[in-house]
Amino acid sequence: MSLISSPVRATVAVADIARAAQFYEDVLGLVPQPGGPEFVRIYPCGGGLLQVYASAHATPSGATVASWSIADFDRTIDELRTRGVVFERVDGMEADERGVHTFAPHQVAWCKDPDGNVLALDNGRTAPM
């Protein structure tokens, strides 16, 4: 048995699916797949899936739960900021005025959804090892 060839999806638990849907759809611009139960939203993203579901046990982990690699990173960061997204500054790491951390050539910015789940956006370039 091996999971190596099986698709994987990011799954995010939230306390209030309506509030989460407003953020993921209106702010981040994701479009849910039609159908399914009302307590779940599944968002196709670049060949993968993001599942957001209501749970009585929803608590943010404090660590990143989903990441996107974005081709037009700077434009996307700037646009999301105009929609009210605040990018987090991580203690001990330098960030620019937008909240973008650079590990040349890798750039990453972290934000939180309304439940405090940490989401990452990066420029798709790998930091040197």
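This is a short tour of the chain, moving from its overall form to its cysteines and then to one strand residue.

**The whole chain**

Begin with everything displayed, and keep in mind that this is a predicted model. If you show the C-alpha atoms alone, they fill a box of roughly 40 × 40 × 25 Å when the box is taken along the principal axes. The radius of gyration of the chain is 15 Å, which agrees with the value near 14 Å that a compact globule of 129 residues would have.

Next, switch to a cartoon and colour by secondary structure, where you will find two helices and seven strands. Following the cartoon along the sequence, you meet these elements in the order β-α-β-β-β-α-β-β-β. Turning to the contacts between residues with a separation of 6 or more, 49% of them join residues 24 or more positions apart.

**Surface and charge**

Now draw the surface, of which the chain exposes about 7900 Å², with carbon and sulfur atoms supplying 54% of that area. Buried residues, for their part, make up 37% of the 129 residues in the chain.

With the surface still in view, select the charged side chains: there are 10 positive and 16 negative ones, and the centres of the two sets lie 2 Å apart.

**The cysteines**

Select Cys-45 and Cys-111 together and show their side chains. How many disulfides does the structure hold? The count is zero. A disulfide is a covalent bond between the sulfur atoms of two cysteines. To be counted here, the two sulfur atoms would have to lie within 2.5 Å, yet the sulfur of Cys-45 is 13 Å from the closest cysteine sulfur, that of Cys-111, and is therefore too far away for a bond. Starting from Cys-111 leads back to Cys-45, whose sulfur is the closest cysteine sulfur and again lies 13 Å away.

Are these two residues buried or exposed? Cys-45 has 18% relative accessibility and so counts as buried, because the cut-off for that class is under 20%. Cys-111, at 1% relative accessibility, is also counted as buried.

**Phe-103 and Met-93**

For the last stop, select strand E5, which covers residues 101-103 and includes Phe-103. With a relative accessibility of 33%, Phe-103 counts as partly exposed. Add Met-93 to the selection and draw a distance between the two C-alpha atoms: Phe-103 and Met-93 are ten residues apart in sequence, and their C-alpha atoms are 9.7 Å apart in space.

Methods. Residues are numbered from 1 along each chain as its sequence is written. This is a predicted model: local features need pLDDT of at least 70, side-chain atom pairs count only at pLDDT 80 or more; totals for chains, interfaces and linings use all residues. Side-chain values use heavy atoms; hydrogens and water are left out. Buried means under 20% relative accessible area, exposed over 50%, partly exposed in between (1.4 Å probe, protein chains only). Helices (H or I, at least four residues) and strands (E, at least two) are DSSP runs, numbered from the N terminus. The radius of gyration is taken over C-alpha atoms; the globule rule is 2.2 Å times the number of residues to the power 0.38. Contact means heavy atoms within 4.5 Å. Accessible areas come from the Shrake-Rupley method with a 1.4 Å probe; for residues, only the protein chains shown count as cover. Lys and Arg count as positive and Asp and Glu as negative; His and the chain ends are not counted. The place of a charge is taken as NZ of Lys, CZ of Arg, CG of Asp or CD of Glu.
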